[in-house]
Each structure stands twice: as structure tokens, then as C-alpha cells.
Amino acid sequence: MGGVPNLTRADAAAAVRNPLAFVAARWTPQPRTVRRAALAALVMSVIIVVTGGAVRLTGSGLGCPTWPKCTDDSLATTSAMGVHGVIEFGNRMLTYVLCAAVGWAIVAARSQKPFRRSLTRLGWAQFWIVMGNAVLGGIVVLVGLNPYTVAAHFLLSSALIAVATVMWQRTREGDTAPRPLVGAAVRQLVWFLVAASVLLIAVGTVVTGSGPHAGDSSEVERMPLDWETVSKLHAVLAWIVVTLTFALWFVLKAVDAPREPLARTRELFLVLLCQGVIGYVQYFTKLPEALVAAHMLGSSVMWIWVLRVLLSLRERPATTADLPGPSEAAAVPTRA
């Protein structure tokens, strides 16, 4: 083991001015470390969606009736608030774990040699989405779980998952210009698939906003729609996504596409089948909480795999400049 370097007053001042550059000047992570950091941020972005769903499904949405404190007099939950307060406050604490995961991804991306600004920007994009969603989550509480703000809260979480997925993919690629692996017609079909998936997720939030799981045991405002009718529209959109996925798989086989797009499309089809089974079972069994939670997890996984299909349609080969050289580990970056 090497000795710990002596830190001068100038080093301390530099660390305060730009801590990311300070760390990057003294640490070069392995590529797998950067990949794992990006994956950790992605996993946490899915976990926070599931735990947020658990808050709603257990009727704990107003377990902490105010924000940013849990009560007017206490930052944390109190024994008088019972299990609902514990669940809601626990979900708030998980936001800090998510921030830590995103922060780790930013630090790892910033410290990689050579410096890749695109990765760092994706990490910071996640950070600002998390901050925005934390504020929106507070607004959700302050307006008494208004269903439109709850829907916006979930959609912003889906945006976080999208950025985290792109960053995870980019950690395994170079910075060269993307080279398409399939023709323009196939890419257009995939964009239709992405658009249909976004619409499917958006309508799913309407099902939630008009359905029976309001998020709290008290009387909570609901969207003035018949949730069963909206559920049927949601099912139609799901079948459209499944049909587009099957059509894409058929076209990729017909044009003898590379292995990566075929594999991602086949995986997406299997995810959709599982999600469809869960969706129909939960509908006909009157939305039991466990199945609704599983459906929310499936929604996040489906969205990740739709994006993985999209990203698999091109490649960014690593160049010599993308590979760390022996002298680059000691180089001092000049920009954050």
C-alpha cells in the first residue's frame, strides 16, 4: 500500500473550490467501477418507484402530513403517528440513498480517464431530476395527494429511469459518433414503440389517479374518471406495445439484424408477457396491493427494456482515445 499524500493548505482550498476535480486528480476508477456506479443509480431509481408505490398502497401517503418536516414540530416520525408515519418517513429517507447512488455515479464518471463530459452531464441530469422530484413529492403531500401531482411525480421518476438507463449504456460505449446497425424504417418502428410505451405509462398514471388506491386512509381527491374504462384503454395500449414489439422482432429476423437488437427485443417481449399476466390478474382480482406493487415494478423494468431496444440499434465503438493510457492516471483535469 502506498502512503497517504500530505495535503497542503492549497490542496484543501482546491478541494473546497472544486471537490470533483480534486478527487479526479487523485483517483482513476476502473471502467467496471464506473459501470457499477451507473448501474447502482439505475437500480435505486427503480427501488424508489417501488417504495413510493408501497407508500400509496399502504395508505401512508399522508403518514407525514407536512413537508419538509414530518410534523410541524418534528423532522422525523413520532410514535404517535404509527406505522403509516414510519413508512412515509422511510421512503423520504430512501431519497438520500438515491442521492448517494447518483452522487457516486457522478464522482466515478468525473474521475474516469480520459474525461468524458457526456457521462458527467448524464449524472448531473439525474441529480437535478432527483432534486426536482423531491420538491414535487413535498408538493404532493402539501396538496393532500392531489392525483395530478401524484401522476407528475411518477412520470418524473420515469424520466429519471430513462436518464439512468442511458448513462448505464454509455459507460459501456465509446464517444465516437453513433453508427446505426439497422435501416431507417426499423429505427422508425422502434420510435413508434417508444412513443406507445410513453403513452402506456402516462395512461397508467390515470388508472392510478382514478382507481381505488388513493394513497391514504382518509378521503382523497380522485380524477373524475371511471377507472375501469381507463384500465381498458390501458390494456389496449399494452396490446399495441406488444404488437409493435413482435413486429419489430419479426422485421429484425427478416433483415438478419445483428445479435444485440434481436436479443433486447426478445427480452422486451418476455417482460411484456409477464407484465400483461400481472396486469390482467390484478384487474380481475380487484387490485390486490401485492400485485399492484409487482405491476409498478414491471412498468419500470418494461421502460428500461424499451430504452435498451432503442439504444441497441446503434453502436459507439471505443477508440484509442477512449482507453486510459499509463500517463493519464496522473493527469490533473482542468474542468469540472
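The following exercises examine salt bridges, a surface patch, cysteines and one buried serine in a predicted model.

Residues are numbered from 1 along each chain as its sequence is written, and side-chain values use heavy atoms, with hydrogens and water left out. Because the model is predicted, local features need pLDDT of at least 70 and side-chain atom pairs count only at pLDDT 80 or more, while totals for chains, interfaces and linings use all residues.

**Exercise 1.** Determine which residues form salt bridges with Arg264, and describe their placement in helix 9.

*Solution.*
Step 1. Apply the criterion: a salt bridge is a side-chain nitrogen of Lys or Arg within 4 Å of a carboxyl oxygen of Asp or Glu. The structure holds 10 salt bridges.
Step 2. Arg264 pairs with Glu260, the closest N and O atoms being 2.5 Å apart. Arg264 also forms a salt bridge with Glu267, where the closest N and O atoms are 2.7 Å apart.
Step 3. Locate the residues, taking helices (H or I, at least four residues) and strands (E, at least two) as DSSP runs numbered from the N terminus. Glu260 and Arg264 are 4 residues apart in helix 9 (residues 259–284), a separation of about one helical turn. Arg264 and Glu267, 3 residues apart, both lie in helix 9, again about one turn of the helix.
Step 4. Classify exposure: buried means under 20% relative accessible area, exposed over 50%, and partly exposed in between (1.4 Å probe, protein chains only). Arg264 is buried at 9%, whereas Glu260 is partly exposed at 30% and Glu267 is partly exposed at 26%.

Salt bridges that share partners also join Arg116, Arg170, Glu173, Asp175, Arg314 and Arg316 into one network.

**Exercise 2.** Characterise the salt bridge between Asp175 and Arg170.

*Solution.*
Step 1. The closest N and O atoms of Asp175 and Arg170 are 2.8 Å apart.
Step 2. Asp175 is partly exposed, with a relative accessible area of 34%; Arg170 is buried, with a value of 7%.

**Exercise 3.** Identify the residues of the nonpolar surface patch that includes Ile139.

*Solution.*
Step 1. Patches are made of residues with over 30% relative accessible area and no salt bridge; like charges are joined within 9 Å, and nonpolar side chains (Val, Leu, Ile, Met, Phe, Trp, Tyr) within 5 Å.
Step 2. The patch consists of Trp67, Val135, Ile139, Leu142 and Val143. Together these residues have about 410 Å² of accessible area, computed by the Shrake-Rupley method with a 1.4 Å probe, only the protein chains shown counting as cover for residues.
Step 3. Ile139 belongs to helix 5 (residues 117–142) and is partly exposed at 36% relative accessibility.

**Exercise 4.** Find which cysteines are joined by a disulfide, and state the handedness of the link.

*Solution.*
Step 1. A disulfide is a pair of cysteine sulfur atoms within 2.5 Å. A search of the whole structure finds 1 disulfide.
Step 2. Cys64 is joined to Cys70, with an S to S distance of 1.9 Å. The link of Cys64 and Cys70 is left-handed, with -70° about the S-S bond.
Step 3. Both Cys64 and Cys70 are buried. As for other cysteines, Cys99 is partly exposed at 22% relative accessibility, and Cys274 is exposed at 52%.

**Exercise 5.** Describe the surroundings of Ser111.

*Solution.*
Step 1. Ser111 lies in helix 4 (residues 82–111) and is buried, with a relative accessible area of 0%.
Step 2. With contact meaning heavy atoms within 4.5 Å, Ser111 touches Val23, Ala24, Trp27, Thr28 and Pro29, not counting residues up to four places away in sequence.
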